[in-house]
Amino acid sequence: MQCRTANGKAFRILVVIDEYSRECLALHVAWNIRSERVMHVLADLFLAHGVPDNLRSDNGPEFIANKLLDGEMFMTMKEAEIVIENWCKYYNGRRPHRSLNGRPPAPLTFFAPPMGGAMGPLWPPQELSAIRAAEAQPHEACH
């Protein structure tokens, strides 16, 4: 996908989406994107997520990027990178998807212990407590 900064300079966005989960795996922003860069982005994704069974390329306009860029005017490439990265986090973690029954592809999660602290103390770990107790006891000399 191609976009322009406020001064008219064109830049590109490489969009990679998992069609099953609808998760946006990469939004790579650069002045130009050559095949070597595409290969590096895909290689990084393969290392992080495993090699997919199928890979489909679509050089047409991408819906996700069109929604992001609708009405945006970037002053610099750095501003575009930051805004696009933040939008990707929103797209994956908060934006509801009709194909996922209104859920986002990678919902934000947080850890909350059960009510009443049923988990027990988080610190110190039991192993550390046992080691400290053993160290506190007087040691007998070995002969």
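Me: What makes R56 and E19 a salt bridge?

Reply: The closest N and O atoms of R56 and E19 are 2.1 Å apart. A salt bridge is defined as a side-chain nitrogen of Lys or Arg within 4 Å of a carboxyl oxygen of Asp or Glu, so the pair qualifies. The model is a predicted one, in which local features need pLDDT of at least 70 and side-chain atom pairs count only at pLDDT 80 or more, while totals for chains, interfaces and linings use all residues. Residues are numbered from 1 along each chain as its sequence is written, and side-chain values use heavy atoms, with hydrogens and water left out.

Me: Why does this pair tie together separate parts of the chain?

Reply: R56 belongs to the loop between helix 1 and helix 2 (63–69), whereas E19 belongs to the loop between strand 2 and strand 3, so the parts tied together are 37 residues apart in sequence. Helices (H or I, at least four residues) and strands (E, at least two) are DSSP runs, numbered from the N terminus.

Me: Why is R56 called exposed?

Reply: The relative accessibility of R56 is 59%. Exposed means over 50% relative accessible area, buried under 20%, and partly exposed in between (1.4 Å probe, protein chains only); R56 therefore counts as exposed.

Me: What is E19 called on that scale, and why?

Reply: E19 has a relative accessible area of 47% and is therefore partly exposed.

Me: How do you know that K78 and E81 form a salt bridge?

Reply: Their side chains meet at 3.6 Å, N to O, which satisfies the criterion for a salt bridge. Both residues lie in helix 3, three residues apart, about one turn of the helix. K78 is exposed, at 53%, and E81 is partly exposed, at 29%.

Me: What separates E85 and K89, whose side chains also meet in a salt bridge?

Reply: E85 and K89 are four residues apart in helix 3, so about one helical turn separates them. The N to O distance is 3.5 Å.

Me: How do you know that strand 2 and strand 3 pair?

Reply: Strand 2 (residues 10–17) and strand 3 share six bridges in the antiparallel sense. Pairing requires that DSSP find at least two bridges between two strands, so these strands pair. R12 stands opposite A30 in strand 3.

Me: What makes strand 1 and strand 3 edge strands?

Reply: Three strands form an open sheet in the order 1-2-3, with antiparallel pairing. Strand 1 (2–4) and strand 3 (24–30) each pair on one side only.
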